[in-house]
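Please work through the exercises below with the sequence and the model at hand. Each task is followed by a solution in steps.

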Amino acid sequence: MKAFDRVLKAREIARPKITDYVEALFTDFFELRGDGLKKEDKSIYGGIALFHGEPVTVIGHRKGKDASENIDCNFAMPGPEGYRKALRLMRQAEKFKRPVITFVDTPGAYPGLEAEMFGQSQAISESLAVMSKLRTPIVTIVTGEGSSGGALAISVADRIFMLENAIYSVLSPEGFASILWHESARKAEAAEVMKLTADDLLKFGVADGIISEDSIFANVDKALSEALSVLKKKSTEELVEERYRKYRKFDERFCGA
Amino acid sequence: MVTAVEERKNKFIRYKNLRENATEVLEGRAKIVIPAEKVAEAYTAMDRVRDIADAGSFAELSCEFGETDPLEFNGYSEKKKALREETGLHDAVLSGRCTVGGYPAVMAVMDKRFMMASMGIEVGEKIARAAEYAMENGLPLIIFTASGGARMQEGMLALMQMAKTSAVIERFKEAGGLYISVLTHPTTGGVSASFATLGDITLAELGALIGFAGPRVIEQTIGEKLPEGFQRAEFLEEHGFVDRVVARREMKAVLTKLLKLHNKESL
């Protein structure tokens, strides 16, 4: 399969959304809203739930099932308020020693006037800094398109899994082609050279595992259960240090003494 | 009719603007005012070191690197080779130990001449090592940021530098280190959304463009022209995201003062 076919699959409107994952994998979900500072940003969905009877915090980008739902959640493009809500939920998870599970599916952080005015950059950098030291396990599932800093901001994790048709990249193939070749039409060619498929990212060490899509929910459930059971056995110090080391090393193959 | 007094006053204002934003160039007898953007382009990392570090104090932190080309992107290695010749830099950041107004510090300076100072593995690694060196030696860290964002030619591993630099800087700050981030023209994208905006103290150089998304992308998204001064240093100060806007000629004095205020031995 060509890389751009994966891009199209990753963006298919029929793909399960965070709300579907919440319904299929968790019980007793209670949604938490707002960043506690300014407003509720619906492009990030999050709350507390039970995963096989254990409390967890769930956070993810929200895409809609149709045009009207997508307008409502800004096509999963968060502003700073969305990232600050995610951050608030993560700090809360740390306090109550709940693992954090994040679902990534976004075209990127919203490039708008208000987003700039209220600190899009600061919201993302703070999220990266806090996740790098959060004293509770973090597992990320990239379910659709993971694009740019807007995806990274909720995926600094102990384990990252990608669905077999998910993509994760520095920018959308369209943006990449536009920046490097001044031709967004060369998106298919861009997708090929960007190395954005699950296989590519497993080789780069960005993804820790690939989840087959033959039975999505059962497979995601299995990946999450296995990852959490390993992570929960680690001491907090060990957990945080291993996460730090994992990010510190990107990518040591290219940094000779 | 413009009176002699008014003419002198205008001249003074023009001269003041020139001093603050631009370099003087004498062409025959006429003084040419160069726009801030043009000056920013011409101002190199070496110029910055000369203007900020005390004379003769700068010792570069050596970093030997292999070739960073994870996507084996067509023409990328050749482009970097040419830029190394042209700029004297190995990649878009210069880092070293120095003193500023007599106070020791670690300083890293990004240089736009090298692929718009975009952040790939080498830039991320040099920022991380500068922070680690500062942590091991108990020194403050000053980073002059400027960047177009993540380096596209290095793909996903360029994006991972955002997480890497943020993690290392955060650890340095948690250990008690002082991190002063100085945002210079332009600081955008993946650098703006990582270590650039994690300073204990954040300064912005007068007139600098600072933002997550570039102005062209925002205009395309919202379908209208952006207001005057949008994303400029002054705009960020007004919205509460930088401690102070500082003119280039004041920069060394401001940094010296901040280092003094954090130096236990001098107080």
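The exercises concern one glycine, the salt bridges, the interface between the chains, and the cavities and pockets.

The model is predicted, so local features require pLDDT of at least 70 and side-chain atom pairs count only at pLDDT 80 or more, while totals for chains, interfaces and linings use all residues. Residues are numbered from 1 along each chain as its sequence is written, chains are lettered from A and ligands numbered from 1 in the order in which they are written, and side-chain values use heavy atoms, with hydrogens and water left out.

**Exercise 1. Describe the surroundings of G82(A).**

Step 1. Locate the residue: G82(A) lies in helix α4 of chain A, residues 80-95. Helices (H or I, at least four residues) and strands (E, at least two) are DSSP runs, numbered from the N terminus.

Step 2. Assess its accessibility. G82(A) counts as buried because its relative accessibility is 0%. Buried means under 20% relative accessible area, exposed over 50%, and partly exposed in between (1.4 Å probe, protein chains only).

Step 3. List its contacts (heavy atoms within 4.5 Å). Apart from neighbours within four places in sequence, G82(A) touches D41(A) and I44(A).

Step 4. Compare sequence with space: H182(A) is 100 residues from G82(A) in sequence, and the C-alpha atoms of the two are 31 Å apart.

**Exercise 2. Determine which parts of the chain are joined by the salt bridges E126(A)–R91(A) and R151(B)–D91(B).**

Step 1. Apply the criterion: a side-chain nitrogen of Lys or Arg within 4 Å of a carboxyl oxygen of Asp or Glu. Over all chains, the structure holds 40 salt bridges.

Step 2. Take the pair in chain A. The closest N and O atoms of E126(A) and R91(A) are 3.2 Å apart. E126(A) belongs to helix α6 (residues 120-131) and R91(A) to helix α4, so the bridge ties together parts 35 residues apart in sequence. E126(A) is partly exposed at 29% relative accessible area, and R91(A) is partly exposed at 38%.

Step 3. Take the pair in chain B. R151(B) and D91(B) form a salt bridge with an N to O distance of 2.8 Å. R151(B) is in the loop between β6 and α6, and D91(B) is in the loop between α4 (76-87) and β4 (93-100), 60 residues apart. Both R151(B) and D91(B) are buried.

**Exercise 3. Which partners does E125(B) have in salt bridges within its own helix and with chain A?**

Step 1. Examine the helix. E125(B) pairs with R129(B), the closest N and O atoms being 2.9 Å apart. Both residues lie in helix α5 of chain B, four residues apart, or about one turn of the helix.

Step 2. Compare accessibility. E125(B) counts as buried at 6% relative accessibility, whereas R129(B) is partly exposed with a relative accessible area of 22%.

Step 3. Cross to chain A. E125(B) also forms a salt bridge with R248(A), with 3.0 Å between the closest N and O atoms.

Step 4. Set this pair in the interface. Five salt bridges are counted between chain A and chain B. In addition, 50 residues of chain A are in contact with 53 residues of chain B. The area buried between the chains is about 4400 Å², with carbon and sulfur atoms giving 69%; buried area is the accessible area (1.4 Å probe) that two parts lose on being put together, summed over both.

**Exercise 4. Characterise the second largest cavity and the largest pocket.**

Step 1. Fix the terms. On a 1 Å grid over the protein atoms alone, a cavity is a set of points where a 1.4 Å probe fits but cannot get out, a pocket is an open set with protein on both sides within 12 Å along at least five of seven lines, and lining residues have an atom within 4 Å of a point. Grid points are joined across faces, edges and corners, and a volume is the space filled by probe spheres set on the points.

Step 2. Describe the cavity. Four cavities of 30 Å³ or more are found in the whole structure, and the second largest holds about 100 Å³. Its lining has 15 residues, with Y43(B), R48(B), M110(B), K112(B) and T184(B) closest to the centre.

Step 3. Describe the pocket. The largest pocket has a volume of about 1600 Å³. Its lining comprises 50 residues, and L171(A), I179(A), G148(B), G214(B) and V217(B) lie nearest the centre.
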